[in-house]
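I opened this notebook to record what I looked up in the structure, entry by entry. The pocket comes before the sheet, the salt bridges and the backbone.

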Amino acid sequence: MSDWFRSSRTKDPTATPTGGAPSRPAGSPPKKPALWASSKMPSQLPDSAQGVSAAVVMQHFSRGEIRSLNRQSDDLYARVFQRLRARRDLKRYSVKQVLEMMKQITFSLQSAELTINFKALSYFETPNTWKTYAQMYDLAQRDIVQADGTTRREMRLTGNAMNPAKDRDAADTKVTFGANIKTPGMQGVARFMQTGGLRQVDGTPGGANVYAANNPQFNPKARQQFAALNYGRRPRGGIQGYGFSHFVLNDSLKPGAIYYVGDTFKVEDSNSRVTYDMLFAIAVYASEELMDDLLNACHRHMILQDTDNADRLVEGHVFQEISFSKDIKEMRISATDIMSTTGGLFLEGKVDEAGMEKLREEIPKNARDFAKRNSIKLVWTD
């Protein structure tokens with residue numbers, strides 16, 4: 001059973017198989033949006049990186065991984081139940097109460113906003129005409145002259161202090177691709193989603209090293225977007241280490257996403273992934289601190305304070321292009337974000353006082369223009 005609550009569970013899952021009539025509690029989120037109705041295998045498309053739609057590749061990958069992960073559903077359900085029963089603060093709860101709590105927490109997690117944090121300065125220092133949100137692999141595409149004199153779009157990745165290129169690629173590969181990627185139906189997906197590792201193609205001592213993918217068929221657009229599930233309803237989004245401003249994604253992106261506890265830069269492998277259907281299975285892999293947060297937010301209905309602690313993060317990987325005009329329902333701009341980042345430029349001597357004040361006028365204007373152009377609801381916070 002892929003959805004924990006398509007049928008009711010009323011008995012200890014470690015003792016008796018469960019089943020019964022469909023049941024959803026009052027106030028639960030609406031029925032989840034359907035996943036993609038159909039998509040072609042990459043092998044059915046022209047055999048070149050340029051001819052393959054990254055959307056088709058990612059959709060096929062996501063569907064296959066979700067089916068594979070959902071086979072663990074009953075085992076994970078029992079393990080979550082056992083972990084809750086072992087908690088001192090829940091000792092007085094009956095089996096029925098724990099099962100009901102699991103249901104309510106799962107629906108609370110499914111209802112939580114999926115957010116992407118960012119710094120308003122980096123987005124709106126100048127007018128922003130981007131149409132889609134792009135991850136670092138896609139942003140690194142360049143026109144590269146080939147041996148025959150023609151040009152081809154290829155990735156030239158430099159990374160940054162927060163995301164060193166080789167470390168980032170190694171981490172993403174390790175957490176994204178499990179054993180399922182080696183099954184017969186997934187070879188075409190692997191051919192376009194995996195870099196095959198990176199090789200250095202440019203760079204100077206003391207400067208940024210530049211890397212290309214070893215796999216010539218790697219499609220930089222066929223990598224996931226990284227978001228955070230704001231389960232704690234934190235005022236400034238899922239995690240503030242990436243900025244105090246944030247986008248709120250449409251709910252339709254949540255069922256096709258795959259979820260992790262913590263920053264995947266620190267996750268050891270792909271074995272701790274869970275799906276939308278069984279979101280509270282993250283409790284199996286959560287630290288005690290994250291469990292406390294999950295229970296406080298989703299069971300005790302507390303609003304949690306902002307944090308930049310990645311250990312308190314629930315990460316959501318979205319395997320499709322994110323269009324600003326279609327997939328973002330709200331953009332929240334933090335006044336503190338604008339003041340602190342522009343003030344930082346002033347303290348570093350990168351702008352004078354007049355330049356700082358000008359930025360503090362330009363950033364809100366550019367944000368308003370961007371929101372209007374993409375029909376995004378704009379909310380000012382702080």
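**Entry 1: the pocket**

Which residues lie nearest the centre of the largest pocket, and how many residues line it? I noted before going on that the model is predicted. I found that the lining of the largest pocket comprises 36 residues, and that Y133, M136, N160, N163 and Y242 are the ones that lie nearest its centre. For the volume of this largest pocket I wrote down about 1100 Å³.

I then sorted the lining by class and obtained 18 nonpolar, 11 polar and 7 charged residues. Looking up which elements supply at least two residues each to that lining, I listed the strands β1 (113-118) and β7 (225-230) together with α4 (120-124), α5 (136-139) and α6 (165-176).

**Entry 2: the sheet**

Since β1 and β7 had come up in the lining of the largest pocket, I turned next to the sheet that holds them. It is an open sheet of 8 strands with mixed pairing, and I read its order as β10-β9-β11-β7-β1-β8-β13-β14. The edge strands are β10 (274-275) and β14 (377-381), each of which pairs on one side only.

How do β1 and β7 run relative to each other, parallel or antiparallel? They run antiparallel and are joined by 3 bridges; in this pairing I noted N230 of β7 as the bridge partner of E113.

I followed the order further to strand β8 (residues 245-249), which pairs with β13 in the antiparallel sense over 4 bridges, with L249 standing opposite I328 of β13. On the pairing of β13 with β14, I recorded the parallel sense and 5 bridges, and here K377 in β14 is the bridge partner of E330.

I also checked how enclosed β13 is, and found that 6 of its 7 residues are buried, so this strand is largely enclosed by the rest of the structure.

**Entry 3: salt bridges**

How many salt bridges does the count come to? The count comes to 25, and I looked at three of them in detail.

The entry I took up first is R83 with E288, where the closest N and O atoms are 2.8 Å apart. Because R83 belongs to helix α2 (residues 73-85) and E288 to helix α8 (residues 288-298), this pair ties together parts that are 205 residues apart in sequence. With a relative accessibility of 18%, R83 counts as buried, whereas E288, at 45%, counts as partly exposed.

The next entry is R87 with D292, for which I again noted 2.8 Å between the closest N and O atoms. R87 sits in the loop between α2 and α3 (95-111) while D292 is in helix α8, so this pair also ties together parts that are 205 residues apart in sequence. The relative accessible area of R87 is 13%, and it is buried; that of D292 is 31%, and it is partly exposed.

The third entry led me back to the sheet, as the side chains of R332 and E113 meet in a salt bridge at 2.9 Å, N to O. R332 lies in strand β13 (residues 328-334) and E113 in strand β1, so the parts that this pair ties together are 219 residues apart in sequence. I recorded R332 as buried, at a relative accessible area of 14%, and E113 as partly exposed, at 23%.

Tracing shared partners, I found that salt bridges join R83, R87, D89, E288, D292 and R300 into one network.

**Entry 4: backbone**

Finally I looked up residues other than glycine that have a positive phi, and noted two examples. For R233, phi is near 50°; this residue lies in the loop between β7 and β8 and, at 36% relative accessibility, counts as partly exposed.

Where does S375 lie? I placed S375 in the loop between α11 (353-373) and β14. Its phi is positive, about 55°, although S375 is not a glycine. I checked its accessibility against the cut-off for exposed, which is over 50%, and at 65% relative accessibility S375 counts as exposed.

Definitions and conventions. Residues are numbered from 1 along each chain as its sequence is written. This is a predicted model: local features need pLDDT of at least 70, side-chain atom pairs count only at pLDDT 80 or more; totals for chains, interfaces and linings use all residues. Side-chain values use heavy atoms; hydrogens and water are left out. On a 1 Å grid over the protein atoms alone, a cavity is a set of points where a 1.4 Å probe fits but cannot get out, and a pocket is an open set with protein on both sides within 12 Å along at least five of seven lines; lining residues have an atom within 4 Å of a point. Grid points are joined across faces, edges and corners, and a volume is the space filled by probe spheres set on the points. Ala, Val, Leu, Ile, Met, Phe, Trp, Tyr, Cys and Pro count as nonpolar, Asp, Glu, Lys and Arg as charged, and the others, Gly among them, as polar. Two strands pair if DSSP finds at least two bridges between them. A salt bridge is a side-chain nitrogen of Lys or Arg within 4 Å of a carboxyl oxygen of Asp or Glu. Buried means under 20% relative accessible area, exposed over 50%, partly exposed in between (1.4 Å probe, protein chains only).
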